Amino acid sequence: MKPLQRDRIGEGKKYIMQSNGGTTTFAQSKVTPINMVESGPVAGVFGAAVLGQMLGEKNIIAFDIGGTTAKCSLIDRGEVKVTTEYKIEKTDRTAGYPIKVPVVDIVEIGNGGGSIAWIDDAGSLKVGPQSAGALPGPVAYGRGGTEPTTTDASLITGRLSAKNFDNEVDLVEVSRAINEKVAKHFNLSVEEAALGIIRIANSNMLNALKLISVRKGYDPREFTMVAFGGGGPMHAAALARELGVKKVIVPVAASVFSAWGMLMTDLRHDYIQTYIRRVNDVDLNEINQEWQKMEEQALAQYQTEDIAPDKVVFSRFVDMRYLGQEHTVKVPVPNMVWDQAAVQEVIRRFHEVHEHYYTFKLEGAPTEIVNLHLVAFGTVKKPEMYKMENIGGSAEEALLETRPVLYEGEGWIDTKVYAREKLAAEVTVEGPAIVEEPSASTVIYPGQSVTVDIYGNLIIRTGV
């Protein structure tokens, strides 16, 4: 991005992120605060879609690991999936509470850098969902934490460097915590126990990734992973290899990538009108009037937000189902006055979308509209990505050190560690390797490679 000039900061209009993948005014957010559910993670998903478009990648798995959770979402053919079936507090034991507002389809689990490793009543090792949080945080933070976490395990296995922490890390205390809480129980060394913590955490994250891909009928081999958050780059290469994903993109400033995603959004308002009609019996005049009323409502709302009518862009969808079904699928429909030809096109698209999601279609079966869904975007100016001026050169210029790192199935391997800010564009590094920056570390496994693209993104080839 081009940096803002200091004297211009604060002059622009201020907006807040929503869970539908767009922004809105602060005044509107006070009216409908429910629309901010999951808005932070959603910004990262939207950013992953934008980055994918820039790099020519339409199929994306967005993967975000922070301190307490791991979040993932699937972007199919450039489309960020928005659902009105999102449920808060949903777990493997509780059904959760549907909020019935547009939310980007996202899966979230309690596994992050601060997730605590513990032994359950059956004597098995678990990681999360309990978290050490930021205070006291992992043992490595030196703020009084006593429970071993994923971050502590990453330190012991060499994935993280104590020199990259703001505080002075007491590695003896970190080792003691892992030994007392985990290693002794299994009669393992501290290093083996630490690797076990990482493997359990990875297994939990892999299950989440499968929920949004394999279990919904998608082949992960057809997707590229965009990994961000403070922990995403550290775990992504291993998980992508396990999932069959061939390429991982670690964006610039990965730890705050969701903030960049917010900057790339437009204002967005969703207008959903219940409209239960059999498609072949729909009154064309009536449905065109409904669309017109919704568009007029959108234009009136944007006028109060100082967005000119020529900056408003509409997208139309209908929630449809086969007659007798309970659940619907969201179908993009022509943004035009409906006639009989448009109706037949809507039916054709419904069959196509239904087959895409559920592997079958029932051509000739009666279809039904349940909701009309108008999405109104208020387009705003966005920051531009700039290309790196430093192109070519040697990776050795960015070499920080060589240190032993413990890899699953490989054991300890002396691994070169590079400073990300010193790696030039078009430089390629063969794994095993680690690329460090102040707030994240990217781990590249043996048999993998990483290349810096012209924008400064790290492109990992996973070797599958």
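**Exercise 1. Describe how helices α5 and α6 pack in this predicted model.**

Step 1: start with the geometry. Helix α5 (residues 190-211) and helix α6 (residues 232-243) have axes that come within 10 Å and cross at roughly 55°. Helices here are DSSP runs of H or I with at least four residues, and strands are runs of E with at least two, numbered from the N terminus. Axes are lines fitted to C-alpha atoms, for helices over the stretch in contact, with angles from 0 to 180 degrees between N-to-C directions.

Step 2: classify the angle. Angles under 35 degrees count as roughly parallel, over 145 as roughly antiparallel, 65 to 115 as roughly perpendicular and the rest as oblique. The pair α5 and α6 is therefore oblique.

Step 3: list the contact (heavy atoms within 4.5 Å). From α5 come N202, M205, L206, L209 and K210, and from α6 come H235, A238, L239, E242 and L243. By class, this contact has six nonpolar, two polar and two charged residues. Ala, Val, Leu, Ile, Met, Phe, Trp, Tyr, Cys and Pro count as nonpolar, Asp, Glu, Lys and Arg as charged, and the others, Gly among them, as polar.

A word on conventions: the model is predicted, local features need pLDDT of at least 70, side-chain atom pairs count only at pLDDT 80 or more, and totals for chains, interfaces and linings use all residues. Residues are numbered from 1 along each chain as its sequence is written, and side-chain values use heavy atoms, with hydrogens and water left out.

**Exercise 2. Place the salt bridges of K293 and R316 in the fold, and say how buried their residues are.**

Step 1: recall the criterion, a side-chain nitrogen of Lys or Arg within 4 Å of a carboxyl oxygen of Asp or Glu. The structure holds 28 such salt bridges.

Step 2: take K293, which pairs with E290 at 3.5 Å between the closest N and O atoms. Both sit in helix α8 (residues 284-304), three residues apart, about one turn of the helix.

Step 3: check accessibility, where buried means under 20% relative accessible area, exposed over 50%, and partly exposed in between (1.4 Å probe, protein chains only). K293 has 49%, so K293 is partly exposed; E290 has 16%, so E290 is buried.

Step 4: turn to R316, whose closest N and O atoms with E295 are 3.1 Å apart. R316 lies in strand β16 (residues 312-322) and E295 in helix α8, so this pair ties together parts 21 residues apart in sequence. Both R316 and E295 are buried.
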